[in-house]
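Colleague: I'm more at home at the bench than with models. Could you walk me through how to read this one?

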Amino acid sequence: MTGLITMADLTNEDIVEVLDAAERLLPAARGETSMPLLSGRILGNLFFEPSTRTRMSFETAMKRLGGDVVNLGDVSTSSVVKGETLFDTIQMVDGYTDIIAMRHPRQGAARYAQDAARVPILNGGDGAGHHPTQTMLDLFTIRQAHGRLDGLDVVLAGDLRYGRTVHSLSHALARFDCRIVLASPELLRMPPEIVEDLRAGGASVTETTDLYGALDSADVVYMTRIQKERFADEDEYVKVAGAYKLHAKHLGEVRQDMIVMHPLPRVDEIHPSVDATRHARYFEQAFNGVVTRMALLCRLLGVDVPGGEA
Ligand code: NCD
């Protein structure tokens, strides 16, 4: 069974279906009703890289649906330190579980894992590659705020080079005919092959270093952390650290319904003064990780979410 490795694994119709199912799951995600749709199923959480939100929201999602979770736990206490290959680890966990959520520092690792597994793999981030489940919660958050995904003006800002969230998100936004502004320091520009790919699909893409000049015409401003851990050279990191710091004082002329998003964790890209503005949406965004991952788990396990029949 195929999982979710990149956004290319979902059609636009699939995306809308998952978001609709996620909406129907909101009461269960909040713990207001019980929907044991996945009772008896087991999720394997394999996180070879640090994670708070992604790992915990997968776990919460599974448990809210009556399912169970087994964790790889701390990599330093698992057989990985004895030299076990990813292939062997996956083959073994495959036999213990019905579905696997995985994060790995190596780009392409999720695809490799899917080839080794019979159960579906949900890519929770592969190095500087992709992060499609994050994109689904980002799209959910955007649709919640604007009532639609199509034709929006979206600024993606910060580390577009190493940031996997924006690699996956830009792909999806382009497919929904959004106009995309890529705002980054020169050193952290979106990889040219991704920009070419977006443009080849007909998307309007503009690159700039001037984040602040792009704010006023945006429906969505998506900030990202500079991915310090992906730099080969600490000196290069120092050159771009703190490149953008969004402050409430920058939001005076923006659209009333513009939303500021961030996959979190933030370092200094968004000043706490933004938190109290009507534009801040990053904590709701993090909550939305539970409900969209519930919908994805159901979909990949072949379980219908009630209430969706026409
Ligand atoms: C992101 C990631 O891991 O790529 N975090 C997340 O999943 N919410 C963003 C980041 O680490 O900067």
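Colleague: Let's start with the ligand. Which residues are around the ligand?

Modeller: Keep in mind that this is a predicted model. The residues around the ligand are Arg53, Thr54, Arg103, His131, Gln134, Arg164, Thr165, Arg225, Gln227, Pro263, Leu264 and Pro265.

Colleague: And which polar atoms lie within 3.5 Å of the ligand's own N or O atoms?

Modeller: Take Gln134, where an N or O atom of the side chain is 3.3 Å from a nitrogen atom of the ligand. Then there is Arg164, with a polar side-chain atom 2.8 Å from a ligand oxygen atom. Pro263 uses its backbone instead: a polar atom there is 2.9 Å from a nitrogen atom of the ligand.

Colleague: Good. Now helices: how do I describe two that pack together?

Modeller: You give the angle between the two axes and the distance between those axes. Try α6 (residues 132-146) with α11 (residues 282-300): the angle is about 115°, and the axes are 8 Å apart. That makes α6 roughly perpendicular to α11. Their crossing is right-handed.

Colleague: Which residues of α6 and α11 meet?

Modeller: From α6 you have Thr133, Gln134, Met136, Leu137, Asp138, Phe140, Thr141 and Gln144, and they meet Gln285, Asn288, Gly289, Val291, Thr292, Arg293 and Leu296 in α11. Sorted by class, this contact has five nonpolar, eight polar and two charged residues. Notice Gln134 in that list, since Gln134 is also one of the residues around the ligand.

Colleague: What other helix packs with α6, and at what angle?

Modeller: Helix α1 (residues 12-24) packs with α6 at about 70°, with the axes 10 Å apart. So α1 is roughly perpendicular to α6. On the α1 side, Ile15, Val16, Val18, Leu19, Asp20, Ala22 and Glu23 meet Met136, Leu139, Phe140 and Arg143 of α6. Here the classes come out as eight nonpolar, no polar and three charged residues. Met136 and Phe140 turn up in this contact and also in the one with α11.

Colleague: How about α4 and α5: what is the angle there?

Modeller: Helix α4 (residues 86-96) and helix α5 (residues 109-116) pack at about 50°, and their axes are 9 Å apart. The two helices are therefore oblique to each other. This crossing is right-handed. Leu86, Phe87, Ile90 and Gln91 from α4 make the contact with Ala109, Tyr112, Ala113 and Ala116 from α5. By class, that's seven nonpolar, one polar and no charged residues.

Colleague: Last topic, the backbone. What should I look out for?

Modeller: Most peptide bonds are trans, and most residues other than glycine have a negative phi. With that in mind, look at the bond from Leu264 to Pro265: it is cis, with omega near 5°. Pro265 sits in the loop between β9 (259-261) and α11, and both Leu264 and Pro265 are among the residues around the ligand.

Colleague: Which residue has a positive phi although it is not a glycine, and where is its place?

Modeller: That's Asp177, with a phi of about 60°. You'll find Asp177 in the loop between α7 (164-175) and β6 (179-183).

Technical notes
Residues are numbered from 1 along each chain as its sequence is written. This is a predicted model: local features need pLDDT of at least 70, side-chain atom pairs count only at pLDDT 80 or more; totals for chains, interfaces and linings use all residues. Side-chain values use heavy atoms; hydrogens and water are left out. Axes are lines fitted to C-alpha atoms, for helices over the stretch in contact, and angles run from 0 to 180 degrees between N-to-C directions. Helices (H or I, at least four residues) and strands (E, at least two) are DSSP runs, numbered from the N terminus. Angles under 35 degrees count as roughly parallel, over 145 as roughly antiparallel, 65 to 115 as roughly perpendicular and the rest as oblique. A crossing is left-handed if the near helix is turned anticlockwise from the far one by less than a right angle, and right-handed if clockwise. Contact means heavy atoms within 4.5 Å. Ala, Val, Leu, Ile, Met, Phe, Trp, Tyr, Cys and Pro count as nonpolar, Asp, Glu, Lys and Arg as charged, and the others, Gly among them, as polar. A residue is near a molecule or strand if one of its heavy atoms lies within 4 Å of it. A polar contact is a pair of N or O atoms within 3.5 Å; within protein, one must be able to donate a hydrogen and the other to accept it, and residues adjacent in sequence count only if both atoms are side-chain atoms.
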